[in-house]
Each structure stands twice: as C-alpha cells, then as structure tokens.
Amino acid sequence: MNSNLRLKIGLAILTVFTIGSLLLPFFNTVDPSQQGKYLKNLPMSSAHLLGTNSLGQDTFWFLVFAIRNSLLLGVAVSLCSTIISVLVGLSAGYIGGWYDRVVMLITDSFITIPILPILIVLGALVRGSTSFFSIGLILVVFSWAWNSRTIRSIALSVREREFINMARFSGMSTLGIILKEVFPYVYAYTVVGFINSILFVINTEAALAVIGLSNVRVPTLGSIIFWALNYNALFIGQFTWVVAPVVATVLLFLGLFLTSTGYNELFALRRGRV
Amino acid sequence: MIKLNNIVATYTTVRGQVRAVDGVSLDIPNGIILGVAGESGCGKSTLLKVLYGDIGFPLTLQTGCVEYGFQGDDGLQITTSTIRQYWFRRISYIPQSSMSSLNPVVRIRKQFIDFLPPDRRKDQVLEEVRAYVKKLDLPPEALDAYPHQLSGGMRQRLMVAMATFFNPDLILADEPTTALDVVVQKGILLLLMDLQQQMKNTMIFVSHDMGVHYQITHKMFIMYAAKAVEFGDSNAIFESPLHPYTKMLIESLPTVGDDHLRQGVIGRPPSLWDNLRGCRFAARCPLATELCRSEEPNLIEYTPGHFAACHYAEKLS
C-alpha cells in the first residue's frame with residue numbers, strides 16, 4: 001500500500017476518534033458510569049444508539065467516555081515514557097563509561113521483571129480501588145525500559161561516527177551533540193516508538209481491566225469488556241455491549257498502526273527530496 | 001609563529017604507553033602552507049591531534065606544549081590548554097572523508113550553523129553562509145540538501161567552506177583529498193591554495209602524496225617513526241633533500257616520459273614497541289654505518305631554514 005495513503009487512513013481514523021471522543025462528552029449531560037439511570041437491556045434506538053446495558057447505562061455514551069479515557073491514558077503515559085527512554089537511552093549511549101553501566105543495570109532490571117505478574121500482584125493489593133492516575137504511573141514505570149535500551153544501542157553506534165567527532169571539533173557541548181546530532185538519528189524511531197507505546201498502554205490497561213484489576217468504575221475500553229463479560233452479555237443477547245468496544249479497540253489500533261508505519265516511510269522518503 | 005616545544009605524545013594501551021610522537025620541536029612561520037609527510041603510523045595524525053588540542057584518552061601529552069602565537073579573547077597567548085575554546089573560530093579542521101563527517105540525517109545548512117557563536121543571529125549568519133558558499137563555486141541550494149544528495153567533491157567543498165567560514169588563524173587539513181578522484185582533487189587543492197592566499201592564514205596539510213606536497217606547500221615537515229627527520233622549504237627539499245628517507249620518498253614519484261621501474265623504500269618502519277637505538281631509519285638506509293646504529297642524530301640546521309636529522313646529511317647534499 002502506498003505509504004502516504006496508509007498515513008492518510010491512519011490519521012483519518014485517529015482524527016475521528018480523537019475529535020469524537022474529546023468533543024462528544026460536552027453534549028452529554030448524564031454521567032455515563034452512573035448505574036440504573038435507564039431501563040436495562042434496551043435495544044438500539046434513536047435515544048440509545050447502541051442500546052443500554054445490564055447496569056442501566058447507555059452503551060454508546062459509556063463507549064465515548066471509554067475511548068476518551070483510554071486515549072488520554074495512552075498518550076499521557078506514552079509521552080512520559082518516551083521522554084524518559086530517549087533521555088536515558090541517548091545519554092547512556094553517548095556518554096558511556098560507568099554512567100552507562102549503572103543506567104543500563106537499572107534498565108535491564110526493568111526489562112527482565114515480567115510486567116504482568118507484577119501488575120496482578122499490585123492490582124490484587126489495591127483491588128479495584130486503584131485510582132486512574134496511579135494506573136498511569138505504574139504503566140510509565142514499566143514501559144520506558146525497552147525503548148531506552150534500543151535507543152541506547154542506536155546512540156552507541158552513532159557515537160563512533162566521524163561526524164560526531166567533527167561536531168565535537170566544532171566546539172559543541174555534550175548536550176548539544178546529543179540533541180542536535182544524535183537525536184535526529186533516533187527521531188523517526190522515537191515517533192514510531194511513541195505510537196507503539198500508546199498501543200501497549202491501552203492494551204495493558206484493557207488487559208488489567210478485563211481481569212478486574214484496574215479501576216473498573218472508570219469507563220475505559222477494558223472496563224466495558226470487564227462488565228460485559230461479568231454480565232454474560234453474549235448469552236443475554238447484548239451483542240453491542242461486547243462488539244462495540246472490540247470494534248472500537250481494533251479500529252483504534254489499526255489507526256495507530258497505519259500512522260506509525262506510514263510515518264516511518266514518509267520520513268525515509270522525505271530525505272530523498274530536497 | 002606557531003611553536004611546538006618538544007612534543008611527546010603517547011597512547012595508553014594494554015601493553016603500556018607507546019610514543020606516537022617522540023620529541024618533536026618545530027617553528028611554523030605564519031601565513032604559509034606546511035606539508036606534513038610520512039608513511040602510515042609515523043605519527044602525523046597524532047601530531048595533528050596535538051596541534052588541534054584534542055587530547056583525551058587514550059592520547060596523553062607527556063611533555064611539551066604548542067604555543068599558537070595568536071591571542072585569545074582575554075588577550076593571553078593561546079596554548080594547548082586553552083585552544084579548545086577557540087575551536088572552529090581560530091583553529092579549524094578539514095577531515096579526511098566528507099561522507100562520514102557530515103551527519104546524514106541533518107540538512108547541510110543546519111550543520112553549518114552548528115558552529116554558530118552564541119552572539120550571532122541565525123538567519124543573518126545563514127545569509128552570509130549562502131553568499132560565502134556561492135563564492136566557493138557551490139550552488140547555494142546545496143545547503144538545503146542532505147549530504148547523500150551531493151557528490152563527493154561538493155561535500156568536500158562544503159567541508160572546506162565550514163572550516164574557513166570564520167577565517168581561522170590556523171587550518172589543519174588531514175588528507176583532505178584522499179578519497180577523491182584526481183580532477184576533483186585538483187579543484188579542492190586549488191580552492192585551498194586560493195583561500196589561503198586570500199586569508200593569509202596558516203595551513204597545515206597532512207598527506208602521504210608527495211606530488212600534492214610539491215604542488216601546494218611552502219614548507220615541508222617529514223616524519224619517520226614518531227621522529228622528525230627533515231624540515232625546510234619545499235623547493236629546497238625537493239631539489240636537494242638532506243635525509244635519505246626524504247630522498248627515497250621523492251625518488252618514488254613517477255615523472256611523465258620516464259618509464260623505468262620505481263624503487264620503493266625496502267623494508268618496514270620499526271615497531272615503536274622495540275627498544276629503539278640510534279637512527280630509526282638505519283635498518284632501511286643505504287648509507288647506514290655503525291655510527292647510525294648506535295647514535296641518534298639530532299635535527300640540525302644545515303643550510304638556513306633547512307633542518308635534517310642525519311649523520312651524513314652533508315654527504316647527501
């Protein structure tokens with residue numbers, strides 16, 4: 001597929017999701033997580049676009065808030081973890097020496113600790129009452145390490161190139177070299193890593209919610225599925241309750257994926273033109 | 001005048017310290033092109049590093065220092081310990097390979113203003129850069145390109161432009177034409193000579209191509225196994241070399257119309273790890289005697305401005 005087309009489709013999906021989930025909540029007057037607001041298990045109608053669920057919530061509005069929350073969580077966590085991983089990776093790779101060894105020891109520990117068991121234990125300790133913020137914090141702590149290791153390896157190889165020597169010879173400071181000479185090398189990778197991180201965060205949060213370890217009262221893509229499974233939505237014929245969040249998640253992932261690969265190719269192409 | 005006072009530079013290795021430059025003293029007059037010649041491993045690149053002031057692990061300057069003879073912003077004489085602050089403003093460097101010396105993912109113009117002094121405005125300097133680049137026979141559009149979109153000659157011209165833009169007092173060129181074909185090589189050499197004549201700065205030109213040295217240098221400095229063997233005016237050196245090594249280097253140059261086989265310098269330079277006694281060239285020298293093998297010759301001025309380190313220099317001339 002043409003990379004530009006890919007990027008366009010990806011961005012279009014993301015734009016619809018972003019604008020939709022950020023603007024629509026302003027037109028809603030009812031808190032979507034409030035239970036028993038409507039009659040239970042209503043079919044689709046003009047009043048309830050996707051019907052209502054077994055908890056008496058409007059499925060459509062719950063979904064809108066869920067997408068918003070998941071996206072916000074994904075972007076915020078991914079932004080923090082990308083900044084951390086770029087700073088840690090570039091400085092460790094470029095400065096090297098004992099600094100590199102200490103930083104990489106910490107990074108490697110975070111890579112080798114299996115995240116899911118830790119999250120399950122953490123979740124079990126604070127079962128269900130974890131605040132949305134601390135979920136984000138935990139995800140940041142566990143999502144920066146891998147990227148920072150790959151960025152370090154790029155920086156390690158770039159450091160030995162002649163043009164870094166030239167930059168040093170021209171009197172640039174270490175920070176200047178890291179930001180102006182090494183960072184352009186990892187820039188495209190960072191953008192793709194950022195998008196992939198969003199996927200990872202949404203995915204992990206959903207996984208936690210499905211097994212009931214996230215704060216399931218807050219609407220997220222995972223918490224919808226948690227409640228739907230809990231109330232056996234498929235058996236009672238509430239297909240939209242399960243299908244809608246799954247479709248939304250798949251579409252969101254598709255949008256992020258297309259954007260990330262499309263951008264990667266666009267960046268490579270751009271250097272071919274003056 | 002740039003003064004090198006008894007420079008001893010060593011590299012730290014697992015086997016210990018190895019002396020890559022061993023006691024070189026040199027006075028370089030201002031406003032000339034000095035050629036530094038010698039075979040691989042003779043210490044010419046290390047000497048250049050010391051001159052540039054890029055001394056860091058594994059290179060150490062054991063003794064000696066360089067006095068650059070020009071004053072810094074604070075009015076003090078610049079020496080090895082302070083030269084770092086003036087990199088690319090008072091002293092600049094033209095590297096060997098322009099392909100690897102330019103960042104492939106950054107546009108040229110951005111790399112140009114990497115060298116920007118903090119008190120200058122970006123767009124203003126960029127205008128000057130465009131005008132300057134045009135003067136050097138380069139299309140100004142080349143500044144907007146990425147390095148891989150330019151030819152080797154254009155890249156090397158851009159490197160020359162970067163190194164000379166701030167009109168530094170001293171320019172070090174480390175084999176700036178090695179990777180280029182002869183036509184482009186000639187263009188770059190003419191450009192360098194031209195710029196040097198206009199700006200009247202000192203240029204130190206490292207190359208192992210004696211033909212290039214003959215074309216562009218005013219003075220020559222020849223090194224062998226970390227030591228200085230001969231120093232003097234290029235004309236004098238090419239006409240009547242005082243050291244057998246220099247003589248053999250010059251004789252290895254082909255001339256048009258002469259088709260008999262060239263004699264190379266037989267043998268290899270000594271290992272710097274060995275316990276070196278006497279003249280370091282003795283093992284390969286056709287004139288070597290017992291004296292050469294036991295006693296080290298000093299660098300002596302035989303005719304005004306022409307130095308050589310050989311016991312039999314007078315015999316040779």
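Reader: Among contacts in chain B between residues at least 6 apart in sequence, what share joins residues at least 24 apart?

Author: The model is predicted. Contacts in chain B were sorted by separation in sequence, starting from residues at least 6 apart. The share that joins residues at least 24 apart is 62%.

Reader: What radius of gyration does chain B have, set against a compact globule?

Author: Chain B has 317 residues, and its C-alpha atoms fill a box of roughly 65 × 50 × 40 Å along the principal axes. A compact globule with 317 residues would come near 20 Å. The value for chain B agrees with this, at 21 Å.

Reader: How far does helix 6 of chain B reach from its first C-alpha to its last?

Author: Helix 6 spans residues 182–199 of chain B, which makes 18 residues. At 1.5 Å a residue, 26 Å is expected. The helix comes close to that, with 25 Å.

Reader: Why do the buried residues of helix 6 of chain B lie on the same side, and which residues are they?

Author: An α-helix has 3.6 residues a turn, so residues three or four places apart point the same way. The buried residues cover an arc of only 70° around the axis of helix 6 of chain B, which puts them on the same side. On the other side, Val183(B), Leu190(B), Asp194(B), Gln197(B) and Gln198(B) are exposed. The buried residues are Ile188(B), Leu192(B) and Gln196(B).

Reader: Which residue with a positive phi follows helix 6 of chain B?

Author: Helix 6 of chain B ends at residue 199. The residue that follows has a phi near 60°, and is Lys200(B).

How values were computed. Residues are numbered from 1 along each chain as its sequence is written. Chains are lettered from A and ligands numbered from 1 in the order in which they are written. This is a predicted model: local features need pLDDT of at least 70, side-chain atom pairs count only at pLDDT 80 or more; totals for chains, interfaces and linings use all residues. Helices (H or I, at least four residues) and strands (E, at least two) are DSSP runs, numbered from the N terminus. The expected span of a helix is 1.5 Å times one less than its number of residues. A residue is buried if 20 or more other C-beta atoms lie within 10 Å of its own, exposed if 12 or fewer, and partly exposed in between; C-beta atoms are placed from the backbone. The arc is that of the directions from the helix axis to the C-beta atoms. The radius of gyration is taken over C-alpha atoms; the globule rule is 2.2 Å times the number of residues to the power 0.38. Two residues are in contact if their C-beta atoms, placed from the backbone, lie within 7 Å.
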